[in-house]
Structures are given as structure tokens and as C-alpha cells.
Amino acid sequence: MAEQQTQDNENVVVGTIGAVYGIKGWVRINAYTENQEGIFDYSPWLIGRNGQWREIEVSQWRWHNKDLVARLADIQDRNTAQQLTGLEIAVPVTELPELAEDEFYWRDLVGLRVVNTENYDMGTVSHLLSTVANDVLVVTANHNDAFGKRERLIPFLQSQYIVKVDAEEGRITVDWPADF
């Protein structure tokens, strides 16, 4: 389910271009896809920032130690590659695979209202975190919380804490105490 939250209406960010690698135009790739190599399943990439995209093809990619590195089309030297550092990598939303009924992209959960089984309004999902154990909803209170909470971290475990995700109603029901 890992996916970066940043997106515009038509594209979703799946990674960023990191530091330059070597002198022949290779760059490090920071993938936000669940399987890091999965970022290379998309072609072409859209690179840019602030919703300003340009298309680019990946010529080659490989693992270097624990990092992904790639050579992008028409990038032949370190100086040109340096200009790409920090750019986001996006793909059209239509390129994302269909998910099973009980699976969700992070982008679909951000902004949903979170209410516990006692009907206590906990706030809105501001973003998600990926941890070794599981993904975590970061819920920001939208009101003066009776328990003094500004933010809650709720494990996204559908078998334990997530009772129901109703995207049409914009609501996630959780089995999570309001005072935790």
C-alpha cells in the first residue's frame, strides 16, 4: 500500500530523483512504491515539481548496494543529471493497478474523517507513515479535542483497528480509544 501522498488531480508521485551517481549521468532513485523496483514498471515517467511535469524515459536501471540508480534518456553527464536532483517522479493515476475491494492507495485515505466505534470524531487523515510493522494513519484533530490530542497515530491494520473504510461517505471507522 505504500505510496507517497503528494499528487495533483491527474498524476501521483511515486518517488524522487536523488543525488547524482558517477560521471555518466546516472542518478539515485528514491522509490515510494511498495516494492522499490516497482517504480520501473511505469513508463514513461513524469518528472518535475509543483505540478509542472515533463516526460522522460528510463534508459537503464540497477541496484547499487542498497540503492536504486538509473540512467534517464538523453542525460549523458553529471552536470545535466545534477539539474534533476530533487525532482519528483510521477505517473498518471490511470496507470495505477486496480486494487482489491479491501485495499487502498494512501491517496484515497488522506482527507477522510476518522471516527471510532463510540462515534467520537478523532479528526482527519493528514498523511500516512510506513513502518516496518505496518502502515500508520496520522490523524489530525479538527476541533478542540476533549482529550487534548492534536494528532493520533493509528495502525492501519484492517483485521484489528480499522473497522470500515467508506470512501463514498469520506469516513474511516476505527476500533481505537479516543483517549489514546
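Let's start with the domains: the domain assignment for this protein gives domain 1, residues 11–95, and domain 2, residues 106–174. Between the centres of these two domains, taken over C-alpha atoms, there are 31 Å. Please keep in mind that what you see above is a predicted model.

How big a box do the C-alpha atoms fill? Along the principal axes, the box is roughly 60 × 30 × 30 Å. Inside it you will find two helices and 13 strands. The protein has 180 residues, and 42% of them count as buried.

Now let's take domain 1 and look at some of its residues. Find the loop between β2, residues 26–31, and β3, residues 45–49, since that is where Pro-44 sits. Ser-43 has its place in the loop between β2 and β3 as well. What kind of peptide bond joins Ser-43 and Pro-44? It is a cis peptide bond, with omega at about -5 degrees.

Stay with Ser-43 for a moment. Its relative accessible area is 48%, so Ser-43 is partly exposed. The cut-off for exposed is over 50%, and buried is under 20%, so a value of 48% falls in between. Ser-43 also comes with a partner across the fold: Val-58 is 15 residues away along the chain, yet the two C-alpha atoms are separated by 7.5 Å.

A little further along, in the loop between β3 and β4, residues 52–56, we meet Asn-50. The phi of Asn-50 is near 55 degrees, which is a positive value in a residue other than glycine. Is Asn-50 buried or exposed? With a relative accessible area of 68%, Asn-50 is exposed.

Let's hold on to that, because domain 2 gives us another asparagine to look at. Asn-119 is in the loop between β8, residues 113–116, and β9, residues 121–130. Asn-119 has a positive phi too, about 65 degrees, although it is not a glycine. Its relative accessibility is 54%, so Asn-119 counts as exposed.

Next topic: salt bridges. How many salt bridges does the count come to? The count comes to three.

Let me take you through them. In one, Arg-28 pairs with Asp-67, and the closest N and O atoms are 2.9 Å apart. Arg-28 lies in strand β2 and Asp-67 lies in strand β6, residues 67–72, so this pair ties together parts that are 39 residues apart in sequence. As for the surroundings, Arg-28 is partly exposed at 25% relative accessibility, and Asp-67 is partly exposed at 35%.

Another salt bridge joins Asp-121 and Arg-113, with 3.2 Å between the closest N and O atoms. Here Asp-121 counts as partly exposed, at 22% relative accessibility. Arg-113 is partly exposed too, at 28%.

Then there is the pair of Asp-166 and Lys-164, whose side chains meet at 3.9 Å, N to O. Which side of the cut-off does Asp-166 fall on, buried or exposed? Asp-166 is buried, because its relative accessible area is 18% and buried means under 20%. Lys-164, on the other hand, counts as partly exposed, at 47% relative accessibility.

While we are talking about burial, have a look at Met-122 in strand β9. The relative accessible area of Met-122 is 0%, so this residue is buried. Met-122 and Thr-140 are 18 residues apart in sequence, and their C-alpha atoms are 7.5 Å apart in space.

Let's finish on the surface. Which residues gather in a patch of negative charge there? The answer is Glu-34, Glu-101, Asp-102 and Glu-103. Pick out Asp-102 on the model: it lies in the loop between β7, residues 88–92, and α2, residues 106–109. Asp-102 is partly exposed, with a relative accessible area of 48%. A residue needs over 30% to be part of a patch, so Asp-102 passes that cut-off.

To sum up, we have looked at a protein with domain 1 and domain 2, a cis peptide bond between Ser-43 and Pro-44, three salt bridges and a patch of negative charge on the surface. Thanks for listening!

Definitions and conventions:
Residues are numbered from 1 along each chain as its sequence is written. This is a predicted model: local features need pLDDT of at least 70, side-chain atom pairs count only at pLDDT 80 or more; totals for chains, interfaces and linings use all residues. Side-chain values use heavy atoms; hydrogens and water are left out. Patches are made of residues with over 30% relative accessible area and no salt bridge: like charges are joined within 9 Å, nonpolar side chains (Val, Leu, Ile, Met, Phe, Trp, Tyr) within 5 Å. Accessible areas come from the Shrake-Rupley method with a 1.4 Å probe; for residues, only the protein chains shown count as cover. A salt bridge is a side-chain nitrogen of Lys or Arg within 4 Å of a carboxyl oxygen of Asp or Glu. Lys and Arg count as positive and Asp and Glu as negative; His and the chain ends are not counted. The place of a charge is taken as NZ of Lys, CZ of Arg, CG of Asp or CD of Glu. Helices (H or I, at least four residues) and strands (E, at least two) are DSSP runs, numbered from the N terminus. Buried means under 20% relative accessible area, exposed over 50%, partly exposed in between (1.4 Å probe, protein chains only). Domain bounds come from an automatic or database domain assignment.
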